[in-house]
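Reader: Got a minute to walk me through this one? I'd like to chat about the fold and the charged pairs.
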Amino acid sequence: MNSLGRTWRTLLIPALATSVPVSIATVVVFRVSGGGDFLDLIVNNPQSLPGLPSQVFWELARPFYMAIGIAIVLQLLAGVFVALASNRAVASDLNGARLTAGEVTTLALRRYPVGLGATVLVAAVILTMFGLGSVIWLIPVRSVGTPNTTSVFVALLLLAILLGPGVWAGVSASMTMSVVAIEQRGVLYSIRRSMRLVRGRWWATAGFLVLVGLLGGIAIQLIQLIALPLAASGGGSAALSLASALGVLAQGLLIAAISAMYTHWYIDLRARREALSTADLG
């Protein structure tokens, strides 16, 4: 938190420069594609959904899911940039070199192709593992007749075992972006380096990732709760607009804050394995 307090001004411009355009683009995608119509139906008239014919339902839902897919891609593109900028800013701060927003942006853009490539590769591997595990899990599950307590327990245990490799890969590769930004290495080296650093500290790293995820989720909920007094006083639409605006403004900084936590964990992992000095942080 102290580190983020020293670097938030540096990260403010890169964070807003990505989160604001991405949020605007997401709104445009939902409106242009028609995905917003389905969302409006879910919010304002959910009781009509069960009565819709299957073909009509999917005609309405298809643009919605397409818009979500595009929004996820946009978030991924923006998140990689913010993560690289945050890692670089925090590492430089710990080295005693305060970078400006322009310098952090330049360094993040320089490493962006490698960071994006590593993110896409890691995501593809994890999703493939999850997909294969789910398919294998469905084979015995579908062959079981009426489920009972024992079969449900066995099914959940089997699901955890089959999804385990994907979880292991995700935790093991979680330091990849820090390696890309700070050590300035290539895609495959950064992934292998992350796996070597996490090895022997996998459970501690997994617990750290869960904690960071919970903190991020709580922060998002607290931001949204600021709009509740307006909603209680009858300003529902105003509350929604305020919550959306606050979410847009805080989104980039939250990603930066989470990435800053990753940077410190990465440094901790390195310090446990090698003679690390501040000069090694660039």
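Author: Sure, and one term up front: a salt bridge here is a side-chain nitrogen of Lys or Arg within 4 Å of a carboxyl oxygen of Asp or Glu. Also keep in mind that this is a predicted model.

Reader: Okay, so how far apart are the N and O atoms in the Glu-183 and Arg-270 salt bridge?
Author: They sit at 3.9 Å. That counts as a salt bridge because the cut-off is 4 Å.

Reader: And where are those two in the chain, Glu-183 and Arg-270?
Author: Glu-183 belongs to helix α6, residues 176-183, while Arg-270 is part of helix α10, residues 236-273. The two are 87 residues apart in sequence, so their pairing ties together separate parts of the chain.

Reader: Are they buried or exposed? I mean Glu-183 and Arg-270.
Author: Glu-183 is buried, at 18% relative accessible area. Arg-270 is buried too, with 6%. Both get that label because buried means under 20%.

Reader: How many salt bridges does the structure hold?
Author: There are 7. One of them joins Arg-6 to Asp-93, with the closest N and O atoms 2.8 Å apart. That pair links distant parts of the chain: Arg-6 is in helix α1 (residues 2-33) and Asp-93 is in helix α3 (residues 54-94), 87 residues apart.

Reader: Which is buried and which is partly exposed, Arg-6 or Asp-93?
Author: Asp-93 is the buried one, with a relative accessible area of 7%. Arg-6 comes out at 35%, which makes it partly exposed.

Reader: What about Arg-272 and Asp-268, how far apart are they in helix α10?
Author: They're 4 residues apart, which means about one helical turn separates them. Their side chains meet in a salt bridge with an N to O distance of 2.7 Å. Arg-272 is exposed at 52% relative accessible area, and Asp-268 is partly exposed at 27%.

Reader: Which residues do salt bridges with shared partners join into one network?
Author: Glu-183, Arg-193, Arg-270 and Glu-274. So the Glu-183 and Arg-270 salt bridge we began with has both its residues in that network.

Reader: Switching topic. How many helices and strands are there?
Author: You get 10 helices and 0 strands. Along the sequence, the pattern reads α-α-α-α-α-α-α-α-α-α.

Reader: And what share of the residues counts as buried?
Author: It's 37% of the 282 residues. As for contacts between residues at least 6 apart in sequence, 77% of them join residues at least 24 apart.

Reader: Back to helix α1 for a sec. What does Thr-26 touch?
Author: Leaving aside residues up to four places away in sequence, Thr-26 touches Ala-71 and Leu-74. Thr-26 is in helix α1 and is buried, with a relative accessible area of 16%. A polar atom of the Thr-26 side chain also lies 2.8 Å from the backbone oxygen of Val-22.

Reader: Now the outside. Which residues make the nonpolar surface patch of about 410 Å²?
Author: Phe-153, Val-154, Leu-157 and Ile-161 make that patch. Ile-161 sits in helix α5, residues 149-172, and is exposed, with 54% relative accessible area.

Reader: Last one: what does the accessible surface of the whole protein come to?
Author: About 15,500 Å², and 71% of that belongs to carbon and sulfur atoms.

How values were computed. Residues are numbered from 1 along each chain as its sequence is written. This is a predicted model: local features need pLDDT of at least 70, side-chain atom pairs count only at pLDDT 80 or more; totals for chains, interfaces and linings use all residues. Side-chain values use heavy atoms; hydrogens and water are left out. Buried means under 20% relative accessible area, exposed over 50%, partly exposed in between (1.4 Å probe, protein chains only). Contact means heavy atoms within 4.5 Å. Accessible areas come from the Shrake-Rupley method with a 1.4 Å probe; for residues, only the protein chains shown count as cover. A polar contact is a pair of N or O atoms within 3.5 Å; within protein, one must be able to donate a hydrogen and the other to accept it, and residues adjacent in sequence count only if both atoms are side-chain atoms. Patches are made of residues with over 30% relative accessible area and no salt bridge: like charges are joined within 9 Å, nonpolar side chains (Val, Leu, Ile, Met, Phe, Trp, Tyr) within 5 Å.
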